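Q: Could you take a close look at the place where the two chains meet, and then work outward from there? I'd like one connected walk-through rather than a list.

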Amino acid sequence: MSRFRRTVRQTMTIARRDFVATVFTPIFLLFLFAPMIFGAIGGTVGGLSASSMAGNKDRARVVAIVAPEHARAMADADTRLRAVFRRDETPPLLTTLAPAADPAEQAREAFAAKDFEASAVLYGPLDRPIVLYSGLGSRTADYLGVLAGQTLAAEKLGSALPAVSVTKTRFTRPRGAAPNGRNPSAFFAVFGIFFLTLFLSGQVVGTMAEERSNKVVEVLAAAVPLESVFLGKLLGMFGVAVLFVAFWGTIVGNIGALMPPSLARELGSVAPATGTPAFGILFACYFTTAYLLLGSVFLGVGAQATTMREIQLLSLPITFGQMAMFGLSAAAVAQPDSWIATFAEVFPLSSPFAMAGRAANRAEIWPHLLAIGWQLLWVGLFITVGARLFRRGVLQSGSARPWWKRAPAS
Amino acid sequence: MTDAAVSASGLVKLFGDRRVVDGVDLLVPAGAIYGVLGPNGAGKTTTLRMLLGIIEPDGGSRSLLGEAHPRDASDRVGYLPEERGLYPAMKAKEAIAFMGALRGLAWATGRRRAVQLLERAGLGHAADTKIRKLSKGMAQLVQLLGSVVHEPDLLVLDEPFSGLDPVNQERLEALILAERDRGATVLFSTHVMAHAERLCDRLAIISGGKRRFEGTVNDARGMLPARVHYTPQRPGAEVAVALPHDARPEGTAGAAGWHFEMPPEGIEQVLVRLIEAGHGIAGLSIERPGLHEAFVQIVGRDALEAAQ
């Protein structure tokens with residue numbers, strides 16, 4: 001058997017062991033369903049918070065202290081303007097009050113009303129209104145100003161207010177013709193890979209600790225090159241990650257079939273520059289290389305730790321590192337032709353993220369082939385360095401000294 | 001393949017500035033049981049690890065089963081490290097099959113052979129038991145079976161008897177002999193002389209990182225003179241006149257027996273003197289020194305005390 005085939009076989013033996021040892025445990029079910037569990041907890045807490053906030057929102061009002069003859073026109077203008085806003089961005093409901101003897105005092109008192117919570121209160125003549133607002137009500141104060149203008153315009157023009165009949169037609173932008181070279185799918189690509197690797201690649205940090213605590217490492221090191229042990233562990237955990245992604249991908253895919261047609265249409269319009277099939281393949285490739293790159297660094301660093309406490313301490317800088325790569329890549333897709341983009345595409349740890357973004361922004365395929373090769377080269381480099389550090393630190397042995405430094409027998 | 005299963009020439013290993021192994025030469029004949037003996041910290045484990053390619057030597061060369069690079073022979077080698085290690089969550093037969101798979105044995109074959117080996121070792125009932133539920137001795141035996149499941153040409157055992165009870169030590173000796181009978185070469189390290197004396201065809205004694213002796217057990221024992229125990233027919237202090245100068249009475253004062261080192265020229269002249277002087281011979285035995293005495297002599301009492 002050739003050395004290469006033997007190495008592949010040994011690597012896959014390690015990968016198989018790690019995959020089986022991870023997947024066929026009750027803990028794995030907890031890991032697999034963690035998003036659902038945490039989602040349920042988050043949903044419950046969020047729901048309770050939302051219902052509490054909705055209760056507050058139901059009571060929130062923008063108040064206009066206007067003469068009764070203006071109230072009708074203002075309500076109509078409010079109805080027209082309100083239609084422009086998204087549901088969660090609509091201003092609080094409008095309440096109109098007839099002016100009292102002192103409208104300024106009445107406006108201040110409106111903030112203390114018991115049957116509603118005033119966000120902003122308008123009083124005075126509509127062409128020169130005064131708007132009081134509380135807390136974060138600056139935008140609702142602006143809204144009341146616009147509302148006053150619309151009310152006046154409607155009153156002055158009356159039936160002469162021109163009726164506008166709008167024809168809305170959906171337009172799909174040609175592929176790759178995103179303004180400024182930016183495509184919305186670029187950010188999705190960067191975020192998607194970041195999200196997946198954030199959850200999954202950090203898991204490899206502690207895998208060598210098992211071998212060290214069980215003292216299996218000597219058995220492995222005698223039979224298999226340490227580089228194969230490292231790569232096998234990485235591939236085993238990558239198998240676990242793929243299983244996780246496939247499981248949740250299937251679930252999310254089926255939930256996607258149930259999403260509202262308008263949202264599905266919106267998502268369907270996000271067309272990456274390389275085309276959806278090629279983009280899908282590139283996304284999978286870059287997820288793989290991102291996992292292997294980050295995983296190999298984490299594995300190498302984690303293998304040097306001697307205790308679980310040290311491994312736990314490593315998780316914070318690791319998360320910071322991942323966040324930094326995400327930030328760099330997000331900046332790269334926002335400025336596709338900048339030096340930041342070039343740097344992010346070349347720097348090995350950010351390259352998969354940035355290149356996935358590039359696949360959304362640019363149609364050329366060849367840079368991706370180059371990038372994947374470049375990234376795999378670094379995976380190999382990280383694994384080699386990690387294994388050497390492990391050999392030196394844990395097995396108490398450096399590599400063979402170069403011939404000019406080799407020691408003769410004394 | 002050459003006649004030597006393992007050969008090493010001038011192996012050197014430095015840990016920092018310390019020479020842990022200093023120019024060790026080894027030649028392990030194919031098909032032999034070869035012992036590497038030495039006190040604690042002598043450099044036995046480091047030597048074995050260099051031979052197997054777990055760590056790289058800082059000087060010298062070695063070959064394993066005819067391969068200059070030990071990795072190229074790894075599928076034909078079985079290894080039991082000094083620090084035993086198994087995955088606690090694995091079943092016994094899976095652990096054995098896994099160790100075989102690392103050496104190129106198909107998983108299915110490994111599982112089948114694992115069950116056979118476990119049954120032969122009297123552990124058939126534990127085939128589906130997880131390692132964490134086995135006793136230490138049983139787990140050690142499982143690991144040993146894992147090192148032979150792929151029927152290696154070379155079996156390297158580092159302190160295989162440590163931690164085993166007498167029954168399991170006997171099982172292990174039987175297994176080593178069975179491996180040799182199968183045609184495998186067995187190389188093991190130990191500091192327990194009795195096992196080496198019973199098993200080894202040849203042995204090397206290492207101390208302070210250097211090889212102090214290489215040869216058969218008889219060669220080692222032959223390095224010390226035999227001890228003669230003599231009992232005259234008529235005891236008396238005058239017997240000493242006919243005995244060599246180093247002769248000492250045995251036991252308490254007034255006892256009948258004497259003992260002395262076998263003279264270089266043999267025992268015959270001493271016997272002639274005793275008979276001619278009329279002391280007669282009531283008893284005579286020649287006791288050859290054991291490997292233990294030879295080991296102490298070779299390594300030196302000071303080195304042994306330093307190691308302890």
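A: Start with the salt bridge between B:Arg49 and A:Glu218, where the side chains come to 2.9 Å, N to O. Keep in mind that this is a predicted model, and that side-chain atom pairs count only at pLDDT 80 or more. The pair is one of 4 salt bridges counted between chain A and chain B. Widen the net to polar contacts, and the rule finds 9 residue pairs across this interface, with both residues at pLDDT 80 or more.

Which parts of chain A supply the residues on this side? α1 (3-23), α8 (207-214) and α9 (217-223) each bring at least two residues to the side that touches chain B. Of the elements in chain A, α1(A) gives the most, with 8 residues. By character, that side of chain A divides into 14 nonpolar, 8 polar and 12 charged residues.

Now for the overall contact. Chain A puts in 34 residues and chain B puts in 41. Between them the two chains bury about 3,200 Å², and 51% of that is on carbon and sulfur atoms. On the chain A side, A:Glu218 turns up again: along with A:Val219 and A:Ala222, A:Glu218 is among the residues that lose the most area to chain B, and the three together make up 17% of what that side buries.

Since α8(A) is one of the helices at the contact, have a look at how it sits. Its buried residues are A:Thr207, A:Met208, A:Ala209, A:Glu211 and A:Asn214. Right after α8(A) comes A:Lys215, with a positive phi near 60°.

Stepping back to chain A as a whole, there are 16 helices and 4 strands. Of its 410 residues, 40% count as buried. Take the contacts in chain A between residues at least 6 apart in sequence, and 75% of them join residues at least 24 apart. UniProt, in an unreviewed entry, places the feature "transmembrane region" at residues 186-205, 234-258, 278-301, 313-333 and 369-390 of chain A. Two of those can be checked against the model. Residues 313-333 are 100% helix and 0% strand, with the end C-alpha atoms 32 Å apart. Residues 369-390 likewise come out as 100% helix and 0% strand, and their end C-alpha atoms are 32 Å apart.

Over on chain B, the charged side chains give you plenty to look at. How many salt bridges does the structure hold over all chains? It holds 26. Within chain B, B:Arg62 pairs with B:Glu56, the closest N and O atoms being 3.5 Å apart. Both B:Arg62 and B:Glu56 are buried.

Another pair is B:Arg76 with B:Asp153, whose side chains meet at 3.4 Å, N to O. This one links distant parts of the chain: B:Arg76 is in the loop between β4 (59-64) and β5 (77-80), B:Asp153 is in the loop between α4 (136-148) and β6, and the two are 77 residues apart. B:Arg76 counts as partly exposed because its relative accessible area is 27%. B:Asp153 is partly exposed too, at 31%.

Then there's a local pair, B:Arg182 and B:Glu179, with side chains meeting at 2.5 Å, N to O. Both lie in helix α5 of chain B, 3 residues apart, about one turn of the helix. Why does that spacing suit a pair? An α-helix has 3.6 residues a turn, so residues three or four places apart point the same way. The two ends of the bridge sit in contrasting settings: B:Arg182 is partly exposed, with a relative accessible area of 35%, whereas B:Glu179 is buried, at 9%. Salt bridges that share partners also build a network, joining A:Arg3, A:Arg6 and B:Asp72.

One last stop in chain B is B:Glu159, in the loop between β6 (154-158) and α5 (166-182). Is B:Glu159 buried or exposed? It's buried, because its relative accessible area is 5%, which falls under the 20% cut-off. Leaving out residues up to four places away in sequence, B:Glu159 touches B:Lys44, B:Glu82, B:Arg84, B:Ser189, B:Thr190 and B:His191.

Conventions. Residues are numbered from 1 along each chain as its sequence is written. Chains are lettered from A and ligands numbered from 1 in the order in which they are written. This is a predicted model: local features need pLDDT of at least 70, side-chain atom pairs count only at pLDDT 80 or more; totals for chains, interfaces and linings use all residues. Side-chain values use heavy atoms; hydrogens and water are left out. UniProt positions are given in the numbering used here, feature names are shortened, and annotations may be inferred rather than shown by experiment. Contact means heavy atoms within 4.5 Å. Buried area is the accessible area (1.4 Å probe) that two parts lose on being put together, summed over both. A polar contact is a pair of N or O atoms within 3.5 Å; within protein, one must be able to donate a hydrogen and the other to accept it, and residues adjacent in sequence count only if both atoms are side-chain atoms. Ala, Val, Leu, Ile, Met, Phe, Trp, Tyr, Cys and Pro count as nonpolar, Asp, Glu, Lys and Arg as charged, and the others, Gly among them, as polar. Buried means under 20% relative accessible area, exposed over 50%, partly exposed in between (1.4 Å probe, protein chains only).
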